[in-house]
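Q: I would like a close look at one part of this model. Please stay with a single strand and its surroundings, and bring in the rest afterwards.

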Amino acid sequence: MIISIRSQATSEERAQLIAHICRIIGGQHPITTTMMDERELLVLDSTHLNKEAQTLLSQQEAVEQITHVKTPYKLVSRAFKTENTRILVGNAHECERVIIGGTPTPAIIAGPCAVENRKQLLSTAYAVKNAGANVLRGGAFKPRTSPYQFQGLGIEGLHLLAEARQETGLPVITEVMEPDMVEAVAHYADILQIGSRNMQNYPLLLAAGHHGQKRPVMLKRGLSATLDEWLLAAEYIVAAGNPNVILCERGIRGYDPQTRNVLDLSCVPLLQELTHLPIVVDPSHATGRRELVPIMSRASIAAGANGLIIEVHSDPNNALCDGRQSITPEQLQKIVHETRVLAQMMSEEMVEVRVA
Ligand code: PEP
Ligand code: MN
């Protein structure tokens, strides 16, 4: 249940409402207070409330409206908010601004898996910009399967990303792995990435929701997460106060080592029914094979994705991380062109269908 509080409610009426809810749901269940679209909301699990209790609740002075949402996730559900969330990226730093979600133009995020050094990052940043990308990616903190693999440059990597933004004007996205690092990473980044391995790291999700700067968060799907688990992880961030969440499908664990993961493209149209949040696809981690990236990029846009995140390296065979799935800037340019043409055709087609 989502209770929207009247903007003119007095603090006494508000306190009365909260006391009333505590009485009827008991002390064990949390009541979450949050702001969304400039409205103050109370969110609670109302499965234990009978009809009479619900009627009494709706009669409280402070209540403006009550929305019943049947799914376990509430604020991120399409049932609560019908219009697509549009996320503005790049407004915190001097750089280009990009909208992700709610527009027919897909956002293209591209760059190396890891920031390796200044020369590599700056040359790749210019190359992806020239290829038509809107956002630069690059991991400074890398969650590697083996402790003996390159772990990223850390803070130095963040400095290099800020320099690449200043040089090219592209906003940047980078991964944050620990709650205590959220403020620091948000200081440099235009989008915080929460990686697949951390999708259910609840302290990290809460920190990404609470932090002062409210940077957009790209939440990657866990290695074997169901859509409900993924949407509930997104709900943690939104309920904690940050409504700017972008979902990223990056493939789920399969049994066939031919591809690194299994790209679950059916989740794109399904998520569009379930949630108002934008959805981006990562064909690089999903397939693990660079030759599959162009076609899976087109397939993602055809399925309705709001954007793509693609790993690009000028010398993929010598990349310190994920070279096998990295494409060159020239290949990216072709993908950008093809996916924009496809998205344009799809939006014209939609208009024709609507008119007919
Ligand atoms: C990445 O984007 O470099 C990454 C580590 O992705 P994932 O969390 O999806 O494995
Ligand atoms: Mn990678």
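Which residue in β14 is the bridge partner of Ile 108? And what covers the ground around that strand?

A: The partner of Ile 108 in β14 is Leu 308. Keep in mind that this is a predicted model.

Start with the pairing. Strands β7 and β14 run parallel and share five bridges. Strand β13, residues 279-281, also joins β14 in the parallel sense, through two bridges. There, Val 280 has Gly 307 as its bridge partner in β14. In general, strands of a sheet pair through backbone hydrogen bonds, either parallel or antiparallel.

Now the burial. Five of the five residues of β14 are buried, so the strand counts as mostly covered. Both faces are covered. One side carries Gly 307, Ile 309 and Glu 311, and the other carries Leu 308 and Ile 310. That fits the general rule: in a regular strand, side chains alternate between the two faces of the sheet.

Glu 311 deserves a second look. Its relative accessibility is 0%. Buried means under 20%, so Glu 311 counts as buried. Glu 311 is also a metal ligand: its OE atom coordinates the manganese ion (ligand 2). The other donors to this ion are Cys 113 (SG), His 285 (NE2) and Asp 322 (OD), and the distances run from 2.0 to 2.4 Å. Along the sequence, the donor residues follow the spacing C-x171-H-x25-E-x10-D. Two of these donors, Cys 113 and Glu 311, link distant parts of the chain, as they are 198 residues apart. Cys 113 sits in the loop between β7 (107-111) and α3 (118-130), while Glu 311 belongs to β14 (307-311). Cys 113 has a relative accessible area of 2%, so Cys 113 is buried as well.

For contrast in pairing, turn to another sheet. An open sheet of four strands has the order β2-β3-β1-β4, and its pairing is antiparallel. Its edge strands are β2 (32-36) and β4 (63-67), each of which pairs on one side only. On average, neighbouring strands in this sheet are turned by 30° against each other, with direction ignored. Strand β1, residues 2-5, runs antiparallel to β4 and is joined to it by four bridges. Within that pair, Ile 3 has Ile 66 of β4 as its bridge partner.

Back to your strand: β14 has parallel bridges to β7 and to β13, and its residue Glu 311 helps coordinate the manganese ion (ligand 2).

Terms used:
Residues numbered from 1 in each chain as written. Chains lettered and ligands numbered in written order. Predicted model: local features only at pLDDT ≥ 70, side-chain atom pairs only at ≥ 80, totals over all residues. Heavy atoms only, no water. Donors = N, O, S within 2.8 Å, 3.2 Å for Na, K, Ca; no water. Buried < 20%, exposed > 50% of the residue type's maximum accessible area, 1.4 Å probe, protein only. Pairing = 2+ DSSP bridges. Axes fitted to C-alpha atoms, helices over the stretch in contact; angles between N-to-C directions.
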